[in-house]
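Student: I would like to go through the helix packing and the nonpolar cores of this model. Please show the structure before we start.

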Amino acid sequence: MSHLCPSESELSRMFHGDLDAPLPASIALCEACRARWQQLVRAVRIARALPVDLPSSARRDEVRAELLARATASPWPPVRRPLARVVGPAVAAVVIMGGLALFRTAGRSRPPRSHVTVHAQPATRYEVASAPPDETLRLHDGTINLDVEPLGAHGSFRVLVGDDEIVVRGTSFAVTAASDHLMAVAVTRGRVDVRPRRGVEALLGPGQSWTPAPVEVVAPFSQPAIAPALDNERHRPARASLPRAEWQTGPPPPGARLRPSTEQTVAEESAYNDAWNALRASDFRRAAAGFGRVIALAPAGALADEAAFWRAVAIARDGSPRRAIVAFQQMLAAYPASPRRGEAAVILGWLLVDAHQLDEAAALFRSAANDPAEVVRASARRGLAPPPRAPERGGVSGQL
Amino acid sequence: MSDQALLAACATGDMAALDALFERFHIPLYRFLGRLLSHDRPACDDLVQATFLEVRRVARAFRGTSSVKTWILGIGSNVARHQVRSERRRSARQHHYAEGLSAISVRPDEQFEQRELLQQAARALGDLPHHQRVAFVLCDLEQVPGVDVARALGVPEGTIWRRLHVARKAVRAALETSGR
């Protein structure tokens, strides 16, 4: 029985997108059909190889913040003119007479407008938790600057950070958070009531600021329980191989970079020690929060860059790659001279590879190519190596 | 929370649900719109926002005949069709593909050949009418089943197959004409 070649559209219908699927039996023995099939598969394969330009996490956060701001500002529920036309006079009368709570979908009521202008710094993460008149933002990471118009007797505006609350009535102020922990509040105009869950409530006026109280010192800083092997170059513990294996590093050895204790330094060291113990216990969220507190206590302190590095590692190990990308970017931006910059760069590079941000990843690998540590240089070389080609199967042409 | 439950919450004006939908679907939407628009980045940002605002507005209308993801991509397709019209933008978008190749190095000759092929594919894709481009990107590049695409776009399945066939033919012809 002779083979009847299918039409172009029939052949196309047989292909369901699986580039590696075997040829349908009805055309496998026909050379002409096989050639047409291979051309079709090749065209789809090339089209799939077109680069996908995904946004950076900073750009994504900006788009998200703008989306939520626009959604808050737009009327809700949305105006539904066709429904308004079919609503009978009696129902319409109830709506007009104030049945807004019962018939909100009739589209005759508009929620109060926002009295708040939000300026979020790059890589800030926040969300609108409730709309006016009792407007609430929840801040997770980063800094937002807020201008709040006078709200009158019936409006309110709050910023929530974890369990802490900042309540305002007509003012300009900035709030900074790290991993859902309130780090700072600074007031430019008006009055702001800061209500930390743990700690004393504070009423701030113009020019005043608030930061959390230092961690209470229980005991002087003591050597961490880990005693990793040190390499000679920078007192760094030896590391496991890359690219995506768990880091097996430890904190800086005691005395290597620590100043003689002052009350503030002891608080930093104690907080660092607690955070490190949490990391060892695989309590990554507590570790990230703890390292965040170290940074807040002394952003320019001796442990700050280490804390920023380990905070980002803890976030990554907590299974939050997008937040880890932001955390590593913040660390590199805040501490460009840190001895950890090479390690941070390659870890961030591999996170960006997973996020398909290959150009940014390559730039980071190049920046780490001359790191003093061989394991960092080796990881950077692997990151810059060309990806292996997938083997061809099933009779598909070897060319793209 | 399931995608459907999130969408239902979004339909009540729940901002946290809208945020969660963005978190869950912004990557596939960016990828789809990027492929549809040849990676015109500012336009993609605007269209992603416009898509989610539209999702919020019409969330009540979701009937569950397709997945939530495909439904959102379908809304993105309609938003893109209404907003992107300029031929000048299309030319600029096609240029962007040449710049968008990864900086991670391959052999220079392979890189050149690859760049040529991708430019041909990008041009062919950019020249397709909107409906055919949507069918090709959703079915062949995003690998969404044709029946799901048909339901999300509200057209018969045969229509999707027809558009897909014409699109595939055009892309294939462009690549064969280039001699590779």
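**Helices and cores**

Tutor: This is a predicted model. Helix α9 (residues 321-334) of chain A has 14 residues and spans 20 Å from its first C-alpha to its last, close to the 20 Å expected at 1.5 Å a residue.

Student: Which helices do the buried residues of α9(A) pack against?

Tutor: The buried residues of α9(A) are Ala324(A), Ile325(A), Val326(A), Ala327(A), Phe328(A), Met331(A) and Leu332(A). They pack against four elements of chain A: α3 (57-73), α8 (304-317), α10 (341-354) and α11.

Student: At what angle do the axes of α11(A) and α12(A) cross?

Tutor: Helix α11 covers residues 358-367 of chain A and helix α12 covers residues 374-384. The crossing is left-handed. Their axes come within 8 Å, and the angle is roughly 145°.

Student: How do the residues of the contact of α11(A) with α12(A) divide into nonpolar, polar and charged?

Tutor: From α11(A) come Ala362(A), Phe365(A) and Arg366(A), and they meet Ser379(A), Ala380(A), Gly383(A) and Leu384(A) in α12(A). Glycine counts as polar here. The division is four nonpolar, two polar and one charged.

Student: Which helix gives the most to the largest nonpolar core?

Tutor: The largest nonpolar core has 103 residues, and among those touching the most other members are Leu146(A), Phe173(A) and Leu33(B). The most, 11 residues, comes from chain B, from helix α2 (residues 15-36).

Student: How many residues are in the second, separate core?

Tutor: Its members include Ala308(A), Val313(A), Phe328(A) and Phe365(A). Phe328(A) is one of the buried residues of α9(A), and Phe365(A) is in α11(A). The size of this second core is 46 residues.

How values were computed: Residues are numbered from 1 along each chain as its sequence is written. Chains are lettered from A and ligands numbered from 1 in the order in which they are written. This is a predicted model: local features need pLDDT of at least 70, side-chain atom pairs count only at pLDDT 80 or more; totals for chains, interfaces and linings use all residues. Side-chain values use heavy atoms; hydrogens and water are left out. A nonpolar core is a set of buried Ala, Val, Leu, Ile, Met, Phe, Trp, Tyr and Cys residues joined through side-chain atoms within 4.5 Å. Buried means under 20% relative accessible area, exposed over 50%, partly exposed in between (1.4 Å probe, protein chains only). Helices (H or I, at least four residues) and strands (E, at least two) are DSSP runs, numbered from the N terminus. Axes are lines fitted to C-alpha atoms, for helices over the stretch in contact, and angles run from 0 to 180 degrees between N-to-C directions. A crossing is left-handed if the near helix is turned anticlockwise from the far one by less than a right angle, and right-handed if clockwise. Contact means heavy atoms within 4.5 Å. The expected span of a helix is 1.5 Å times one less than its number of residues.
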